[in-house]
Amino acid sequence: MGLLVLTTSLKCFRPTWTDGIFKEASTIRLTFFYLSIYTIAIGSGVLKPNISTFGADQFDDFSPKEKVLKVSFFNWWSFVTACGTLTATLFVVYIQETFGWGLGYGISAIGFLVATVTFLMGVPIYRHKSRKGKSHPKEFFRVPVVAFRNRKLQLPSSPLELHECEMEHYIDSGRRQIYHTPRFRFLDKAAIKESRIDASNPPCTVTQVETNKLILGMLGIWLLIIIPSNFWAVEVTVFVKQGTTMERNLGQNFHIPAASLWSFVVVTILICLPIYDRYFVPFMRRRTGLPRGVKMLHRIAIGVAIQIMAAVVMYAVEIRRMKVIREKHITGAEEVVPMSIFWVLPQHVILGLANTFLMAGLLEFFYDQSPEEMKVLGTAFYTSTIAAGKYSNSLLVSMIDKFSRKVSGKSWLGNNLNDCHLDYYYALLFVISALNFAVFLWVQRGYIYKKENTTEVNVFEIVGAEQTEPQVGKA
């Protein structure tokens, strides 16, 4: 952030203005600019998966009270993230447009500095899970190799006959034993005891096999979330472009920026998340007996279903906009459609409600279902869904553009939305979302959640304390 402030503030890095024209930026200016934004990207890639995992690790899974608090953690994590997003889109953007980019980025840099100091102040009281066991890539890839080697062997009739270490081994190593699940049965052949060749090449344990099963299961859910994550890209691209074609006057002197309506998505999240955590979860907990009120995949499914409802509203509003265009004989790209921009407000609110279920639900699911030694991998699954959604949306738009030009000679998503077929795009998004949702329901119905042993020595280290005392978890 400091580099970005320098590249936008120092006169030597700013492009020169001559005769009303900005000269092209020099190589050194571009180098510093790209260096700064890619440094931010690398920092975000390191920070985001780790900090949410570290926050969740502050709760003791073997304490009933803390386990309940951990359920709320992901909701409030998403709430605070939404607060930051709203501050950036309203306050920081206003500062940048009014007083300059340097001040806007400078405020952001100061915010990071304050956050860093605050984080460091908590070092003496943070909990650190003591993990003696290590997760090696070699161990992960060994399971399918051994399973393939044993492909001709017959699986035992009972999973109890598969190779597994005694409970004391996991207690001593600081790892958690994962119980057998009847999915991806072909991997179970890696744990057949008869496959033992020598002491240096033993069969895999059931826990090692189940670790691979967990990752495969999460990968399947991750693939099915790519289509729903397309909506996160649509919110900040197509919605803005659609809004620029509509009437945005509020009174005589105020002109509503088209991009500002996206803040209603965030505001809806800020309103609905506390309601979900304080009222919906306790209400459902009393009826289902589940600590989270509903199963994690059920929560995600509700969010996806609400997205599909939003797609219907998006299509209906666009049909209405095109009807006005035909009635008023509007063809030019700069012509304003006599239709208030607040017509697109409902779709923003509905998608905000969908994100209430999706954002925290996905983060909690990937964290919870990750093997104990791979929690960061789980949160990395979550953060990568955002990138995957934006890339897949770009691919979908490119495919639609090429197909529509080939069929009709004109793109459905051209620069002039007053002479395009955005309604076709919304209809296609609805169809593929509905089909993807049907597959998601089928997959989640057969999904088996992680089953770990409930008797284990659970050790936390308090950094900065004079003495570290182990806490013994009870069944």
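The accessible surface of this chain comes to about 25,900 Å², and 66% of that area belongs to carbon and sulfur atoms. I should say at once that what we are looking at is a predicted model, and every value I mention is computed from it.

As for the overall frame, the C-alpha trace spans about 80 × 55 × 50 Å along its principal axes, and the chain holds 14 helices and ten strands. Of its 475 residues, 43% count as buried. If we take the contacts between residues at least 6 apart in sequence, 77% of them join residues at least 24 apart. On the side of charge, there are 50 positive and 36 negative charges, whose mean positions are 4 Å apart.

Let me turn to the interior. The largest nonpolar core has 41 residues, and the members that touch the most other members are I221, L297, I300, L362, F365, F366 and F440. The elements giving two or more residues to this core are α3 (64-99), α7 (206-225), α10 (263-288), α11 (296-328), α12 (345-369), α13 (375-408) and α14 (422-446), and among these it is α12 that gives the most, with seven residues.

Which residues, then, is F366 in contact with, once its neighbours within four places in sequence are left aside? They are M218, I221 and W222, together with G378, F381, Y382 and T385. Apart from the largest core there lies another core, this one of 18 residues, which include V234, V238, L396 and L417.

Notes
Residues are numbered from 1 along each chain as its sequence is written. This is a predicted model: local features need pLDDT of at least 70, side-chain atom pairs count only at pLDDT 80 or more; totals for chains, interfaces and linings use all residues. Side-chain values use heavy atoms; hydrogens and water are left out. Helices (H or I, at least four residues) and strands (E, at least two) are DSSP runs, numbered from the N terminus. Buried means under 20% relative accessible area, exposed over 50%, partly exposed in between (1.4 Å probe, protein chains only). Contact means heavy atoms within 4.5 Å. Accessible areas come from the Shrake-Rupley method with a 1.4 Å probe; for residues, only the protein chains shown count as cover. Lys and Arg count as positive and Asp and Glu as negative; His and the chain ends are not counted. The place of a charge is taken as NZ of Lys, CZ of Arg, CG of Asp or CD of Glu. A nonpolar core is a set of buried Ala, Val, Leu, Ile, Met, Phe, Trp, Tyr and Cys residues joined through side-chain atoms within 4.5 Å.
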